[in-house]
Amino acid sequence: MSSPETGTPPETRPEAGPEAGPETDPEAGPEASEALEVLRRVFGYDSFRGSQQEIIEHVVTGGDALVLMPTGGGKSLCYQIPSLVRKGVGVVVSPLIALMQDQVDALRALGVRAGFLNSTQDLDERRLVEAEFLAGELDLLYLAPERLRVESTVRLLERGTISLFAIDEAHCVAQWGHDFRPDYLALSSLHERWPDVPRIALTATATEATHAEIASRLGLQDARHFVASFDRPNIQYRIAPKNDPKRQLLQLLRAEHPGDAGIVYCLSRASVEKTAEFLVKNGVDALPYHAGLDTRTRAGNQARFLREDGMVMVATIAFGMGIDKPDVRFVAHLDLPKSVEGYYQETGRAGRDGLPSTAWLAYGLQDVVQQRKMIETSEGDDAHRRRLGAHVDAMLALCETVECRRVQLLAYFGQRSTACGNCDTCLTPAESWDGTVPAQKLLSTVVRLKRERNQKFGAGQITDILLGKKTAKVIQFDHDALSVFGIGTELREAEWRSVARQLLAQGLIAVEGDYGTLVLTDESGEVLGGRRPVVLRREPEKAARPARAEKSSKQRSAPVDLPAEAVPVFETLRAWRAASAKEQGVPAYVIFHDATLREIATLAPSTLAELGTVTGVGENKLAKYGQQILETLGTAAVGAAE
Ligand code: ADP
Ligand code: ZN
């Protein structure tokens, strides 16, 4: 991986993953015990995860921090708890305007005094929040980055007491990354205005290059860097050759994710619309989301996805950043993502609750043609285009690897690991084979067309020639007279497609123009001259199938790890939650996560004290919902006895 030389951050030692991290240290200082007290009382959690405790202590005592932690790793607590422990208001800069209301609602449900300022508010609403801020009645204030460019906002902040600045989605400051937001560049001035206020920048996606760029642009070189393992062990990564993507997707949903919430990413607005329609026609609750829809439809669809159980969102990459819905069970890509960073960020939206989830990608030759074309016609200078090209190449290498996908993904982020056992190449190992001769046959067909006929063709026609197919187009161009006609019958059509794709991925052939015609590269000659062997990946006969039980298409996804007798109780609790969420106009998970309901269903507590021991049941929620839950459990028990 190439990375610009922007200096090495002081501390980049990968730590244990979110689950495997050290438990709370009982002998830590007074800040730690206060933080732990808040964790238990407000959030209802027993212990810190991974390096949360270390990060929180560091920030509570006034230190700056740069935190790289995967989605679902528990970044929010890293600034929320210090905001509650330190004097003053924690100011959280976030680009996710559409989600601020939900974030604030979720905090309020915990009894935390939170507010936000962004462009969606009218003057009265804004004034109210400003007054609360000045009166010291807020623990946390969420701000859109562009607010900080407004002088009145800066003056407002100067009149209050700020406990810390949290810069969420910090990769947005990096141009090398994939979500660059110019407003983020202004955040470098926070430190000049408020030199004594600690800053904590957080992101779930950063290669070494992006990491270094965040540190330098935000002036965080001297901050402590906390780099967690990026692994998301509960996500199963799978990449399949694309044949009939919509059908393949439907098959996946029916076989493995009936009734589950998920996200399907497509490259274009048109394919978003078509795919959503197709799913709806086939009985899946799907909604479209792309920048071409008007704001209200978009917001409405997002709200339904967040609030209702089991919705599938079909979207362009405009959707999803900061979506903290915990129970997204799958993320499917019907087109090749533009970079590994983007892919990792998007797939990371699955399984934030730590339960088994699927990341599935279908990709084909056409994707490569399309991406290369987009790069060719993109705005910006050559350096920019080269950067885009390097991103696509890394993505292709991931698609065509014969090794563990996770090992390769983590290596891209500079982290070493061993074969995971939970990706398609681990579950159904792909063999590698010597593809030198087929590669030479394909390349010489390209050469002959050029030399003898001065013609260029796409992979389809070249495959037909190799297979000796007398199609109309072959006859029209008299291609059956070529000496290479029919020299490739040892492979099937799908195998030739795979060869072409892999040669492209390896840079041994290139595509050109609107029709994706194949042309030689500087390196093709080495293959033709026999100086370079070509190792290819053979697609496994059958696509990887996870070790999970198949479900009938009617059945909702059964809660994982739930004893049979607790299932109806869980369903009753879920129905209660859905009704309360609707009544309050908040997403269901703001009330309780699935994991919490599952624990309640299994434990079947009969007193408030017992209920209070469940993970995710803090003081405030116990007071608010405790009685209702016990009553609901009473009904569930009676119902089960009958
Ligand atoms: P991130 O922002 O890193 O993606 P979140 O902060 O949303 O992750 O946390 C992911 C999930 O893990 C949330 O549901 C959160 O409530 C939960 N969580 C975080 N820290 C803990 C902890 N120490 N114990 C139990 N659950 C936790
Ligand atoms: Zn693996």
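Which residues in α12 are buried? The points below take up this question and then turn to the two ligands and the backbone.

1. This is a predicted model, in which local features need pLDDT of at least 70 and side-chain atom pairs count only at pLDDT 80 or more, while totals for chains, interfaces and linings use all residues. Residues are numbered from 1 along each chain as its sequence is written, chains are lettered from A and ligands numbered from 1 in the order in which they are written, and side-chain values use heavy atoms, with hydrogens and water left out.

2. In α12, the buried residues are Val340, Glu341, Gly342, Tyr343, Tyr344, Gln345, Glu346 and Thr347, where buried means under 20% relative accessible area, exposed over 50%, and partly exposed in between (1.4 Å probe, protein chains only). Helix α12, which spans residues 340-347, is thus mostly covered, with eight of its eight residues buried; helices here are DSSP runs of H or I with at least four residues, strands are runs of E with at least two, and both are numbered from the N terminus.

3. The zinc ion (ligand 2) has as its protein donors the SG atoms of Cys404, Cys420, Cys423 and Cys426, at 2.3 to 2.4 Å; donors are N, O and S atoms within 2.8 Å of the metal (3.2 Å for Na, K and Ca), and since water is not among the atoms, sites may look incomplete. Because the four donor atoms subtend angles of 104 to 118 degrees, the arrangement is tetrahedral, a label given to four donors if all angles lie between 85 and 135 degrees. Along the chain the donors follow the spacing C-x15-C-x2-C-x2-C. Cys423 counts as buried because its relative accessibility is 0%, whereas Cys426, at 24%, is partly exposed.

4. Around ligand 1 there are 15 residues, of which Tyr45, Gly72, Ser76, Arg352 and His593 come nearest; a residue belongs here if one of its heavy atoms lies within 4 Å of the ligand. Helix α3 (residues 75-85) gives the most to this shell, with three residues. An oxygen atom of ligand 1 is 2.4 Å from an N or O atom in the side chain of Tyr45, and an oxygen atom of the ligand is 2.7 Å from an N or O atom in the side chain of Lys75.

5. Two residues that are not glycines have a positive phi: Glu169, at about 50 degrees, and Asn454, at about 55 degrees. Glu169 is in the loop between β6 (162-167) and α7 (190-193) and counts as buried because its relative accessibility is 12%. Asn454 lies in the loop between α17 (436-453) and α18 (459-467) and, at 58%, counts as exposed.

Definitions and conventions. Four donors count as tetrahedral if all angles lie between 85 and 135 degrees; four count as square planar and six as octahedral if opposite donors are over 155 degrees apart and all others between 65 and 115; anything else is irregular. A polar contact is a pair of N or O atoms within 3.5 Å; within protein, one must be able to donate a hydrogen and the other to accept it, and residues adjacent in sequence count only if both atoms are side-chain atoms.
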